[in-house]
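Here are a few short exercises to work through with the model open beside you. Try each task before you read its solution.

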Amino acid sequence: MRSDENPAPTRTSRGRAPEDARVSGADAGPPRGLLALQRAAGNAAVVGLLRGTGHAWAREPGGSGAVRESGGSGAVREPGGSGAVREPGGSGAVRESAGDGAGLAVQRMWNGHQGSLDGDGDLHMGTQQSDFGSQSSQGTLSSQASQQSSSFPSLDLFNLAWTPYQLSRPRAERDVREAQAQAMAGLDTLVIPAVCEGAHPSVPEGAAHPDADYGDVETITVYRDAGWRPPNTATRGGSLQTSFIASYHSAYFNYRVELANDAASATHINPEMLFRVLSQTPRSNGRGSQGRTYLFEHRWTPNPQYPWAPGVNVSEIAVRHGLDLDEQLGPQEHDDFAALPTDATQPFVFHVEEDRSDDRFLNDRRRFRTEGAFDTAYLLAGLTGSTREQTGVSRPPLHDRRTAGRSTSQAMAGTQAHEWMDAEGSMGGAPGVLAKYEWCHLIGDGDSGPNIPNNLVIGTNAVNTEQLAMEIGLRRYVRQLSTEGYGIQLRVRATMRHAPEQAGSDMPPVPGNTPLMADWISYEITIVGPGTEHLVHRQIMDAQRGTITESEFAFLQNTVELGIRAFIEAELGAEAESEDEAAVGADVEL
């Protein structure tokens, strides 16, 4: 699931920022694009650059090069860089500017334009507003041009309905085109509201620059796809781009984003305005299941029911297992968070925000079962053919799922897992909405698990994510162990039930017509080698479970990693060398 081209979602909140959150002040990196020029050299430098090239936005419509002052006075700034302002009324009187007129000009360049949608959803723009005086000196938009964003409510200056498709492409000198290309190149990451990833409505109205003042909205970072190229600026007498669409992605969705977002900007790029999101699609596309965790704030606490050894340092154990001490539930937060289900076998309790559910999950419920109870139930279920079992040694596939054409839907008679749970579509799976049930590989695709019905069961997206955490952990050591003559063996067993739509439905027959829905899954990880069978971890999973948090994901992954590392260091006398997490999680399914 994760790679350097498919990183884990980065959720940030102005209240509690991660370590890699934006920086400010002396620690901040240099600003980029035309905005960088404005910040470094001043507004006058930007306008001067554009005036020198004869750009339309830096000269008066009459062609004199003067810039009209705002506020409705009609005053016109004299060209030539003097900063003087000619009074209206034909007197020819000249007064010195009390402020930075170039700054006002740049502000006006960043104001939006009016437009209207036709019946096909295409936006048609009016003519460019030439009278800068109709805008206020604060650079605010008219009520017709401004549209309040429900996703980023603090960004009320952003005109989300604006699109440049109907604008002609103005010719521009090379340095102006290069400024536009540089501004686009600086948009390698954007942010979207976290609630838009799979929730209703899921498609965000717009994406924001990471440095924009979007208030306390919790966000997820989206990354521009590899292979993006800026517009070509080498041609003589070329034009500015009025539309330039780029592809971005989070860990779970692909986005198409229009980078040209402000017709009044000198470069058509304004980092202080939203960038219009044109589409949002799940990243599966035959490549992988959508492992995910709870979107909002989450916490953890030590489980008082767990049999902790006397004098043990619980905080040290938590950190070793990947838990963030800053996310431990504080004494003043008990009323704000609700504990997810747990039992005495679990060392930590995981919490989600009180009364704030993540509607991508089925619910918050979870059952627990001991290994002995599972083994007994598995034997009994086997008497009626209601079990599945797969055993194999983990090895990376030669080709990703898309290249190899490994489709879970095709393997299961062209059906999606959620269709077997409710044919009416209440379990998600619509465009832009993640399904609550998925085809889960017993042995994951990234471990070369076969894409056959006997290796595929219906489980919730949460149990799929639970297994992914362990798979990520074990795959990081497959290569090192193989060089020492060892392998990681996976034995996965499931007790099964018939899915609701299997009885008397119009769904196509599945090979074998056996129960499709997993009830419980046992996942065993064992290191095997010459005369060696070392059990690393066994997890009994509720295949119908609900919400899983990022803390639980980290705990499971690190539990598996610590077990494998201990074997390598104690039994092989070697230093454990893990593969990059991104490499082992890329383009695979559970």
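A residue is called buried when its relative accessible area is under 20%, exposed when that area is over 50%, and partly exposed in between. Keep in mind that this is a predicted model.

**Exercise 1.** Find where His 268 sits in the chain, then decide whether His 268 is buried or exposed.

*Solution.* Start with the location: His 268 belongs to the loop that links β12 (253-258) and β13 (275-282). Next, take its relative accessible area, which is 2%. That value is under the 20% cut-off, so His 268 is buried. Finally, look at the backbone: the phi of His 268 is positive, near 70°, although the residue is not glycine. As a rule, most residues other than glycine have a negative phi.

**Exercise 2.** Work out how to class Ala 413 by its relative accessible area.

*Solution.* First, place Ala 413 in the loop between α8 (408-411) and α9 (417-421). Its relative accessible area is 33%, so Ala 413 counts as partly exposed. Its phi is also positive for a residue other than glycine, near 60°.

**Exercise 3.** Which residues gather with Glu 354 in a patch of negative charge?

*Solution.* Begin at the loop between β16 (348-353) and α6 (371-382), where Glu 354 is found. Glu 354 is partly exposed because its relative accessibility is 35%. On the surface, Asp 335, Asp 336 and Asp 355 join Glu 354 in the patch.

**Exercise 4.** How far does helix α12 reach from its first C-alpha to its last?

*Solution.* Helix α12 covers residues 550-571, which makes 22 residues. The helix reaches 31 Å, close to the 32 Å expected at 1.5 Å a residue. After α12 comes Gly 573, with a positive phi near 65°.

Terms used
Residues are numbered from 1 along each chain as its sequence is written. This is a predicted model: local features need pLDDT of at least 70, side-chain atom pairs count only at pLDDT 80 or more; totals for chains, interfaces and linings use all residues. Side-chain values use heavy atoms; hydrogens and water are left out. Patches are made of residues with over 30% relative accessible area and no salt bridge: like charges are joined within 9 Å, nonpolar side chains (Val, Leu, Ile, Met, Phe, Trp, Tyr) within 5 Å. Accessible areas come from the Shrake-Rupley method with a 1.4 Å probe; for residues, only the protein chains shown count as cover. A salt bridge is a side-chain nitrogen of Lys or Arg within 4 Å of a carboxyl oxygen of Asp or Glu. Lys and Arg count as positive and Asp and Glu as negative; His and the chain ends are not counted. The place of a charge is taken as NZ of Lys, CZ of Arg, CG of Asp or CD of Glu. Helices (H or I, at least four residues) and strands (E, at least two) are DSSP runs, numbered from the N terminus. Buried means under 20% relative accessible area, exposed over 50%, partly exposed in between (1.4 Å probe, protein chains only). The expected span of a helix is 1.5 Å times one less than its number of residues.
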